[in-house]
Amino acid sequence: MENQTPERKKKILSCIQSSGIPTLGNYLGALKNWNLLAQEFDGAFAVADLHAITVRQNPAEFRQHTKEVFALLLAIGLDPEKSVVFIQSQVPQHAQLAWVLSCYTQFGEMSRMTQFKDKSASHADNVNVGLFTYPVLMAADILLYQADLVPVGADQKQHLEIARDIASRFNGIYGNVFTIPDAYIPKQGARIMSLADPTKKMSKSDPNPKGYISIFDKPDVIMKKFKSAVTDSEAHVAVGEGKDGVNNLIGIYSCCTGLTAEQIEHDFEGKGYGDFKAAVGEAVIEQLRPVREKYELLMADGAYLNDVAKKGAQTASHIAERTLSKAMKKVGFLQEIK
Ligand code: TYM
């Protein structure tokens, strides 16, 4: 209709660090949803390698992990012709906007971040300033692309809230510069727990490899880890208080099969944990199989990956520059001496 602007297609953005090989937690809590949402929305997805150096990285391993995680983004099904898929450090606007935003973020706000408190406790010998200002860089990632929706696991909720606060504060001073983003946290899979200690989040930095499933673990390794998963002494496949291990396995099985917890309880009525663990292991193997197969093909084609990364960075930089220059102009940076 005349004079009527068509409704803008919603934008989504999310990133994953390249500090190691991603886990089943990353996949079920985030990556799987990226791919689903990318069918419907304008998507931008990045390997957050700048974030990864808040913890010391071995340079050769770090380069390799960044390549692997980039290949993984394509292996999960993201189509670089439809979504912008890129490596964060190749788009300089992220670090630039992060500096500007850091001047609109309070020390007290950052001090309250639980991830900072946890990480500074687990890396007490390297509590660097980057670890402290990490959420500001994350806010820049999101705000540069004017994202409406940010699909993440539950552990990123607090960082999303701070991104919203920073954006609202900036908009409050300078007018409408940034879209205020909403977190998209899935009902199922938002917090996959360790298989060895189900009171702790599944994490790639867990020193105990039995605690996590790496996305690239081979089927026999996956099955072995599920068979040794910590449960309880009840031998009853049901959701319940104090049954963290079983609750976690039911959650994982539900994500992989689409069955509800009630259906799972019904199907495993009268069966022991041995049968259930084997079924969960099998479901996870089948879920990850196509991803691993595609990943292996992609990793063998470095030239293709490089090409996609270059094009992705160019497109991302173009989009990001629009927002960055708008924000810098509002703040009063001199653009041209007349
Ligand atoms: P990262 O790299 O730790 O994890 C990537 C995504 O995986 C989710 N996740 C989990 N979900 C369920 N269960 C788990 N056990 C689990 N472990 C991880 C995370 O919630 C995340 O969605 N700071 C971010 C990366 C980042 C980012 C961004 C995210 C940088 N910039 C901008 C969104 C938007 C991080 O460290 O995620």
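Modeller: Contact here means heavy atoms within 4.5 Å. This is a predicted model, and by that rule phenylalanine 276 touches Val237, Leu249, Ile250, Tyr253, Ile264 and Phe268, leaving aside residues up to four places away in sequence.

Biologist: What makes a set of residues a nonpolar core?

Modeller: The residues must be buried, of nonpolar kinds such as Leu, Phe and Val, and joined through side-chain atoms within 4.5 Å. The largest nonpolar core has 62 residues, and Phe276 is among those with the most contacts inside it, along with Leu24, Leu31, Phe70, Phe226, Ile252 and Val284.

Biologist: Which helix gives the most to this core?

Modeller: Helix α12 (residues 273-299) does, with 12 residues. A second, separate core has 42 residues, including Leu13, Tyr104, Tyr134 and Ala313.

Biologist: Why are nonpolar side chains found together like this?

Modeller: In soluble globular proteins, such side chains tend to be buried together.

Biologist: Let's turn to the rings. Why is the pair of phenylalanine 116 and phenylalanine 132 called edge-to-face?

Modeller: Their centres are 5.0 Å apart, and pairing asks for centres within 6.5 Å. The planes stand at 75°; over 60 degrees counts as edge-to-face, so the name fits. The pair links distant parts of the chain, with phenylalanine 116 in helix α6 (residues 114-122) and phenylalanine 132 in helix α7 (residues 129-144). Both of these phenylalanines are buried.

Biologist: And why is the pair of phenylalanine 170 and phenylalanine 178 called tilted?

Modeller: The angle between the planes is 50°. Stacked needs under 30 degrees and edge-to-face over 60, so this pair counts as tilted. Phenylalanine 170 and phenylalanine 178 are buried, and ring pairs link them with Tyr104 and Tyr174 into a cluster.

Biologist: How do you know that the charged end of lysine 225 sits over the ring of tyrosine 212?

Modeller: The charged end is 5.1 Å from the ring centre, and the cut-off is 6 Å, together with an angle limit of 35 degrees from the ring normal. Lysine 271 lies over the face of phenylalanine 268 as well, at 5.5 Å from the ring centre.

Biologist: What makes glutamine 17 a polar contact of the ligand?

Modeller: An N or O atom in the side chain of glutamine 17 is 2.8 Å from a ligand oxygen. The limit is 3.5 Å, so this counts as a polar contact. Aspartate 155 places a polar side-chain atom 2.4 Å from a ligand oxygen, while a polar backbone atom of methionine 202 is 3.0 Å from a ligand nitrogen.

Definitions and conventions: Residues numbered from 1 in each chain as written. Predicted model: local features only at pLDDT ≥ 70, side-chain atom pairs only at ≥ 80, totals over all residues. Heavy atoms only, no water. Buried < 20%, exposed > 50% of the residue type's maximum accessible area, 1.4 Å probe, protein only. Helix = DSSP H or I, 4+ residues; strand = E, 2+ residues; numbered from the N terminus. Phe/Tyr/Trp six-rings, centres within 6.5 Å; stacked < 30°, edge-to-face > 60°. Polar contact = N/O pair within 3.5 Å; in protein donor to acceptor, adjacent residues only side chain to side chain.
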